[in-house]
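Thanks for coming. I have one structure to go through today, so please have the sequence and the coordinates open.

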Amino acid sequence: MSAYLDCDLRTQARARLEHHTAECPECRSVLDDLRHMLALLQSAPAPEPVADGPAIATAVLRRLHESADH
Amino acid sequence: MNQPTTDPAQERALIARARAGDESAFAQLVTEHSARVYGALRRFGLNPQEADEVAQEVFLRAWRGLARFEERSQFSTWLYRIAFNEAQRRLARRPPPTVSSQPGDEDAIAALPTAIGTGPQARTLDREFEQMLQRALAELPADLRAAVVLRDLEGLSTDEAAAVAGVRQAAFKSRLHRGRMQLRALLEPYLRLEQAN
């Protein structure tokens, strides 16, 4: 099913899966869930960083200088 | 996924300057990519403090390894690879997470807003989903979690994600499928709630 959702199945295998899910409510439900879940994942907000980009850059440069001093 | 604001030509120029030792150019690259790296580290399973520390490690390693960066791949993909390796290293040093989310976690579901909409309530729901997703991801074995994170959350292609995880495409696809199926089971209450709205 993953390969189907990623458009990664050959024509025959794709047709077989579509035929099966048309007739099998259980597999159709799983496929619908996966499709819905992937849409949610793609739009999920990223975890918010503790520090912003410039603060991380400053910390990284500080550590670079510290390691160069030793 | 956090989209870069620097265009590819600008980024190549910054990389070239950083390779020549220009720290301000490297600082711009860090600023540009830090949220993406931090987000991936959190989703690989690190807590906020660990992700903050390891993000710095990732960029320190990137600075030291800039000479080895092959521009056949994107800079962001290269950073993902370093982040993936550093996250695995950090995770290996601590026991598996003890915070547990059950597929039928009624409290978590009860805490969700009852309608899916737009505006502030939708943003609240986004954050609720993000928290639930973090708990569900923590339940997955590390290799399956990484596959889902790289492909479905960070938006890498299968080729790129397999390269970051250091496995062949076939093995990666198998991990991805198993990860998705396990995640679906863990998120099922949320998916049902959404379908009901």
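I will start with confidence, then take chain B, the interface, the salt bridges and two single residues.

First, what this is. The complex is a predicted model, and the predictor gives it an ipTM of 0.86 and a pTM of 0.82. For chain B, the average pLDDT is 85, and 81% of the residues score at least 70. Two stretches of chain B fall under 50 throughout. One is residues 100-106, where the model has 8 contacts beyond four places in sequence. The other is residues 112-117, with 17 such contacts. Where pLDDT is low, predicted coordinates should not be read in detail. I will leave both stretches there.

Now chain B as a whole. What does the chain consist of, in helices and strands? There are 9 helices and 0 strands. Read along the sequence, the pattern is α nine times over, α-α-α-α-α-α-α-α-α. Of the 197 residues in chain B, 48% are buried. Taking contacts in chain B with a separation of 6 or more, 68% are between residues 24 or more positions apart.

Next, the interface. On the chain A side, 33 residues are in contact with 45 residues of chain B. The size of an interface is often given as the accessible area lost when the parts come together. Here the area buried between chain A and chain B is about 3,600 Å², and carbon and sulfur atoms give 63% of that. Within chain A, the residues that lose the most area to chain B are Leu41(A), Pro47(A) and Arg63(A), together 17% of what that side buries.

On the polar side, the rule finds 9 residue pairs in polar contact across the interface, both residues at pLDDT 80 or more. Which helices of chain A each supply at least two residues of the side that touches chain B? They are helix 3, residues 25-42, and helix 4, residues 53-69. Helix 4 of chain A gives the largest share of that side, 11 residues.

Salt bridges next. Side chains of opposite charge can pair when their charged atoms come close. The count over all chains is 16, and between chain A and chain B it is 5. I will go through four bridges, beginning with one across the interface. Asp6(A) and Arg151(B) meet through their side chains at 3.7 Å, N to O.

Within chain B, Asp143(B) and Arg175(B) form a salt bridge at 4.0 Å, N to O. Asp143(B) sits in helix 7, residues 142-153, and Arg175(B) in helix 9, residues 169-196, so this pair ties together parts 32 residues apart in sequence. At 33% relative accessibility, Asp143(B) is partly exposed.

The same kind of bridge joins Arg180(B) and Asp152(B), at 2.8 Å, N to O. Again the arginine is in helix 9 and the aspartate in helix 7 of chain B, so the pair ties together parts that are 28 residues apart in sequence. Are these two partners buried or exposed? Arg180(B) counts as buried because its relative accessibility is 0%, and Asp152(B) is buried at 2%.

Then there is a bridge inside one helix. Glu188(B) and Arg184(B) meet at 3.8 Å, N to O. They are 4 residues apart in helix 9 of chain B, so about one helical turn separates them. Glu188(B) is partly exposed at 27%, whereas Arg184(B) counts as buried at 12%. To go back to the earlier pairs, bridges with shared partners join Asp6(A), Arg151(B), Asp152(B) and Arg180(B) into one network.

Last, two residues of chain B. Asp52(B) is in helix 3, residues 48-65. Asp52(B) is buried but has no salt bridge, and the nearest side chain of opposite charge, Arg63(A), is 8.6 Å away. A salt bridge here needs a nitrogen to oxygen distance within 4 Å. Beyond four places in sequence, Asp52(B) touches Val50(A), Ala51(A), Ile56(A) and Tyr38(B).

Arg19(B) is in helix 1, residues 8-19, and is partly exposed at 36% relative accessibility. Its side chain reaches the backbone oxygen of Leu66(B) at 3.0 Å. Arg19(B) also touches residues including Phe69(B) and Glu71(B). From Arg19(B) to Ala67(B) is 48 residues in sequence and 6.4 Å in space, C-alpha to C-alpha.

That is what I have.

Notes
Residues numbered from 1 in each chain as written. Chains lettered and ligands numbered in written order. Heavy atoms only, no water. Buried < 20%, exposed > 50% of the residue type's maximum accessible area, 1.4 Å probe, protein only. Lys, Arg positive; Asp, Glu negative; His and termini not counted. Contact = heavy atoms within 4.5 Å. pLDDT = per-residue confidence, 0-100. Buried area = accessible area lost by both parts, 1.4 Å probe. Polar contact = N/O pair within 3.5 Å; in protein donor to acceptor, adjacent residues only side chain to side chain.
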